[in-house]
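This briefing walks through the fold by topic. Please keep the sequence and the structure in view while reading.

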Amino acid sequence: MGKKRKHTETEAVANGNKDEIATERPKRTLLGFKDGSNTEENKDSSSVVTFRNKEKVLVTCSRRISYRYRHLMLNLVSLLPHCKKDNKVESKDAKGETLNELVELKSCSSCLFFECRKGKDLYLWMSKCPNGPSVKFLVNAVHTMEELKLTGNHLKGSRPILTFSSNFDKQPHWKLLKEMFMQIFGTPKDHRKSKPFYDHVFVFSILDDHVWFRNYQISCPHTGTTQKIDRGDLEKMTLVEVGPRFCLNPIKIFGGSFGGPTLYENPFYVAPNQIRSLEKKQKAGKYAKKVKAKTRRKMHQLSNPLEVDEFADMWKE
């Protein structure tokens with residue numbers, strides 16, 4: 001039988017083992033764990049603050065919007081996991097102040113506002129709140145996911161790859177639009193509603209001074225039961241369109257949010273009201289041509305009367 005240790009000796013041994021094994025846990029911060037040691041490396045790492053993208057987009061529409069345009073807005077809401085949807089806003093002159101207040105209340109930094117006029121024309125406001133800039137588009141060639149019924153499919157909430165045509169780097173207003181598209185349509189990294197991988201592509205291309213939007217799924221061929229892709233199969237990747245489709249015709253670029261000084265105005269823009277009035281004038285021109293043709297026919301008949309036939313009344317007796 002060995003001798004029993006005294007109480008003071010057991011406490012000293014226990015404290016020695018704790019110092020050897022258990023180390024002090026570092027403090028946890030928003031950017032990770034922070035070590036409390038005063039070394040130069042830790043000082044340098046703590047002084048460097050990494051940028052964290054906290055982009056949030058408010059998506060809303062005006063009252064009396066048609067069902068096709070509402071479906072387009074819902075398609076974009078499903079494609080952007082970092083967006084927030086709000087109630088309809090009355091389309092008036094003071095809508096800019098109302099939308100800026102809504103964006104501030106929802107703690108967002110950008111806004112997509114779908115404005116419908118006369119139940120026919122759809123305008124898209126894309127704005128960085130509260131200081132701007134903002135862009136007003138006319139939306140044409142709208143095709144929603146429900147209409148197209150395409151075979152493409154990708155996971156909801158996954159991050160997209162944004163691709164732009166080379167025309168975006170030629171003129172300054174296209175460069176500004178490209179930066180706004182990147183900030184609004186690009187899903188922030190490590191967002192709580194997003195998936196940490198890429199499986200679809202947003203394509204922005206310029207044709208005839210219009211911005212055409214397409215959404216494609218990245219389809220990969222799988223060999224066997226394994227889900228990994230061989231390196232030789234990377235070249236066999238294909239793009240399958242998912243939808244929706246729409247075309248954006250830029251009207252004006254403003255320096256502020258939903259207003260302010262005009263930075264750019266499209267010289268080739270023609271309002272849809274002018275197009276409809278020209279069509280009516282063309283139809284009215286067709287009717288005027290018919291009336292003129294009738295009057296010419298009557299004048300010709302009066303100037304060239306038929307000769308009296310001698311045998312016209314022969315069988316009336």
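In helix α6, the residues His173, Trp174, Leu177, Met180, Phe181, Ile184 and Phe185 are buried, where buried means under 20% relative accessible area, exposed over 50% and partly exposed in between, with a 1.4 Å probe and protein chains only. These residues cover an arc of only 120° around the axis, the arc being that of the directions from the helix axis to the C-beta atoms, and so they lie on the same side of α6. The model is predicted, so local features need pLDDT of at least 70 and side-chain atom pairs count only at pLDDT 80 or more, whereas totals for chains, interfaces and linings use all residues. Residues are numbered from 1 along each chain as its sequence is written, and side-chain values use heavy atoms, with hydrogens and water left out.

**Helix α6 and the nonpolar cores**

- Helices (H or I, at least four residues) and strands (E, at least two) are DSSP runs numbered from the N terminus, and α6 covers residues 172-185, its 14 residues having end C-alpha atoms 20 Å apart, which agrees with the 20 Å span expected at 1.5 Å a residue, taken as 1.5 Å times one less than the number of residues.
- The largest nonpolar core, meaning a set of buried Ala, Val, Leu, Ile, Met, Phe, Trp, Tyr and Cys residues joined through side-chain atoms within 4.5 Å, has 37 residues, and those with the most contacts inside it are Phe114, Met126, Phe181 and Phe185.
- The largest share of this core, six residues, comes from α6.
- Apart from this core lies another, of 12 residues, among them Val89, Val103, Phe113 and Cys129.
- Contact means heavy atoms within 4.5 Å, and, leaving aside neighbours within four places in sequence, phenylalanine 181 is in contact with residues including Met126, Phe137, Leu162, Phe204 and Leu248.

**Phenylalanine 204 in strand β9**

- Phenylalanine 204 belongs to strand β9 (residues 195-207) and is buried, with a relative accessible area of 2%.
- Its C-alpha atom is separated by 6.2 Å from that of threonine 163, although the two residues are 41 residues apart along the chain.
- Not counting residues up to four places away in sequence, phenylalanine 204 touches, among others, Thr163, Phe168, Phe181, Phe185 and Trp212.

**Serine 134 and the β12-β13 hairpin**

- Serine 134, in strand β7 (residues 134-143), counts as buried at 0% relative accessibility.
- A polar atom of the side chain of serine 134 lies 2.7 Å from the backbone oxygen of glycine 256, and the side chain of serine 134 also reaches the backbone nitrogen of phenylalanine 258 at 3.2 Å.
- Strand β12 (residues 245-256) pairs with strand β13 (residues 259-265) in the antiparallel sense over four bridges, pairing being assigned if DSSP finds at least two bridges between two strands.
- In this hairpin, which has two residues between the strands, phenylalanine 258 takes a positive phi near 60°.

**Backbone exceptions in loops**

- Most residues other than glycine have a negative phi, and most peptide bonds are trans.
- The peptide bond from cysteine 129 to proline 130 is cis, with omega near 0°, and the bond from glycine 132 to proline 133 is cis with omega near 0°.
- Proline 130 lies in the loop between β6 (121-128) and β7, and proline 133 has its place in the loop between β6 and β7.
- Aspartate 190, in the loop between α6 and β9, has a positive phi of about 60° although it is not a glycine, and counts as exposed at 65% relative accessibility.
- Aspartate 209, in the loop between β9 and β10 (210-219), has a positive phi of about 60° and counts as partly exposed at 34% relative accessibility.

How values were computed:
Polar contact = N/O pair within 3.5 Å; in protein donor to acceptor, adjacent residues only side chain to side chain.
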